[in-house]
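This briefing concerns the structure shown below. The notes that follow are grouped by topic for reading alongside it.

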Amino acid sequence: KGNPNSLDSDSSSSSSSESNDDQYHYGKMQGANPSSSSSSSSSSSSSSSSESDSSSSSSFSWDSSEEENWQPKPTLSQAPNIPFLPMFIANRGNSIQSAQEIKGVSVVKKIAQQIGYEMQSPSAIPGQKTLKKFTILSTVLRTMNAKEMEEASKELYFPLSRASSTSSSDAQKYQAWVAFRDAVAQAGTGPALLTIKEWIQSKKVQGEEAAEIIAVLPIVARFPNVEYMNTFFALATSSEVQHQHFLNTSAVLSFTELARKAFVSNSTAHNRFPVHAFGALKGKKEQPVVQQYLPYFARALKQAASQEDSIKIRTMTLALGNLAHPRILNVFEPYLEGKESMTHFQRLTMVASLRKMAQLYPKVARPVLFRIYQNTGEATEVRVAAFYMLMKTNPPAQLLQRIAEFTNDDQDPQVISAVQSAIKTAAYNQQRPSELSDNAQAAVNLLNPKVMPAQYSRKNIRSYYSRELDLGYKQVVSYIGSDDGFLPSNVFYALRTQLGGFNRRAVGFAAMSSSLDALTDLLEDQFADAPSSSSHRSQKQSQQKGPWSFDKINNMLN
């Protein structure tokens, strides 16, 4: 059965996408220097459809007998009646909401107030089992409809601005509201989404507080069907959200991540959500990603590029990367080829954002990433990032041999170092045999033998596995060297753990900077004390007013 608590498996294999009849187009992206307005020939060729990954796709089909046994699909205002979960069968096989003696709103209010009271004595929390009460609170909320949640919200809402710093009663009311607010965010149902939407529109939660609530939705969503996702999309793109700092970014990125899990990665949709209980998340003819979501973010990216809004460019780039649909290549193509103006760092972000697509559609992403890597006229950091993403497509031995051999002709030490380290560690640092390890071993002897300094770009792939304990991990550390310092300008880290056959991503983060010097100056300005920073500024001003100031030298030369 589809388990809503299963781990996200969209990185384990590629999966077929919205339709096997979709044709995806992407440019050839090869040859010329991108600074000359085009990094490849201007033609675009029709590439493979999602059938190109059919050999490794993870799809499923229904038979008529299974369709007859499906539960009625829940509406957005009704909680999904998921079979075999305790609160849905606790009342003689029925939901607890069907019991006359149980009033959901009263139960929720009582538990939230009890948590609020216990939060006043933090040291007593373990003994009073407060965390267990919070788990029960979120579980009960999953059985409630939108009207009941709205009623509970009205009774428990108590913002911090209303609380008195000297009143213990106000402190308990506020903590009860916080417990209820966080439990609603954890519920992950349609009624919970409608409740969060009402909070944002009525300004009960704003800014960073609202951003933190929205950020958990891709993890906790129970049944994100088309109705749920369209409501989430309307919320994420609404004026109330887009004009709030933190919330505007969090909502867009959270929505696109959930859209990928629900509609783009069939394996994730099948393994994570109860599709065998309610049926597929979307109909066969429904194409919300292609018809609605992707065009919106493509237009937003184009608008941000025309306005030179660097923050919005990065946000929309990451949003499109989160979708991981092959058609994002059509959106990125003019920027990667130099037809549309973009900085090196913005194009680097585009390449790095292809990580999920490289895992879901390796056969589609691999040729594009290889052409970017192979283009010696491309910026160094973009080539290195393209190679790092290329390694996520599990490249065949012939391709790795070609890349390894090219290190003997490549003139860029950063790229050479990245290729050397990645292939060597993939070949020798794997305690569990894998196809990538075997392919890397076939190419390692063709690498350039020159030893590169540690400050150059490197990728370290390491894995460990104990068959007796059925425990293991895979760790990938990548960084891109900087031209203006010994420290790397871009760092990527990911750790996946395997515990008793349970394979999940434990930790992952990325830090990217366009210039290490600029980042250092920014940190100095942020953390320097006032006297030293003011004297530093006055010293700069005095230098600019001297006989050899930058302005005077510039005037002399011109």
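With which residue does E155 form a salt bridge? The partner of E155 is K109, and the closest N and O atoms of the two are 3.2 Å apart. This pair links distant parts of the chain, as E155 belongs to helix α6 (residues 146–156) and K109 to helix α3 (residues 104–118), 46 residues apart. The model is a predicted one, and the points below should be read accordingly.

**Overall architecture**

- The protein chain contains 28 helices and six strands.
- The chain has 558 residues, of which 49% count as buried.
- Its accessible surface comes to about 27,300 Å², and carbon and sulfur atoms account for 51% of that area.
- Among contacts between residues at least 6 apart in sequence, 69% join residues at least 24 apart.

**Salt bridges**

- A search of the whole structure finds ten salt bridges, including those described here.
- In the E155–K109 pair, E155 is partly exposed, with a relative accessible area of 39%.
- K109 also counts as partly exposed, because its relative accessibility is 28% and the partly exposed class lies between under 20% (buried) and over 50% (exposed).
- D410 and R383 meet through their side chains in a salt bridge, at 2.7 Å from N to O.
- The D410–R383 pair links distant parts of the chain: D410 sits in the loop between α23 (397–406) and α24 (413–428), while R383 sits in helix α22 (residues 380–391), 27 residues apart.
- Both ends of this bridge are buried, D410 having a relative accessible area of 8% and R383 one of 1%.
- The side chains of R181 and D182 likewise form a salt bridge, with an N to O distance of 3.0 Å.
- R181 counts as buried at 11% relative accessibility, whereas D182 counts as partly exposed at 28%.
- R181 and D182 are joined by E209 in a network of salt bridges.

**Surface patches**

- A patch of negative charge on the surface is formed by D517, D521, E524 and D525.
- Within this group, E524 lies in helix α26 (residues 516–527).
- E524 is partly exposed, with a relative accessible area of 45%; this value satisfies the patch criterion because residues in patches must have over 30% relative accessible area.
- L469, L471, L499 and F502 make a nonpolar surface patch of about 390 Å².
- One of these residues, L471, is found in strand β4 (residues 471–480).
- L471 counts as partly exposed at 34% relative accessibility.

**Surroundings of A187**

- A187 is found in helix α7 (residues 168–187).
- At 0% relative accessibility, A187 counts as buried, because the buried class covers values under 20%.
- A187 touches S138, L141, R142, M149, A192, V220 and R222, leaving aside residues up to four places away in sequence.
- From A187 to S138 the C-alpha to C-alpha distance is 5.5 Å, although the two are 49 residues apart in sequence.

Technical notes. Residues are numbered from 1 along each chain as its sequence is written. This is a predicted model: local features need pLDDT of at least 70, side-chain atom pairs count only at pLDDT 80 or more; totals for chains, interfaces and linings use all residues. Side-chain values use heavy atoms; hydrogens and water are left out. Patches are made of residues with over 30% relative accessible area and no salt bridge: like charges are joined within 9 Å, nonpolar side chains (Val, Leu, Ile, Met, Phe, Trp, Tyr) within 5 Å. Accessible areas come from the Shrake-Rupley method with a 1.4 Å probe; for residues, only the protein chains shown count as cover. A salt bridge is a side-chain nitrogen of Lys or Arg within 4 Å of a carboxyl oxygen of Asp or Glu. Lys and Arg count as positive and Asp and Glu as negative; His and the chain ends are not counted. The place of a charge is taken as NZ of Lys, CZ of Arg, CG of Asp or CD of Glu. Helices (H or I, at least four residues) and strands (E, at least two) are DSSP runs, numbered from the N terminus. Buried means under 20% relative accessible area, exposed over 50%, partly exposed in between (1.4 Å probe, protein chains only). Contact means heavy atoms within 4.5 Å.
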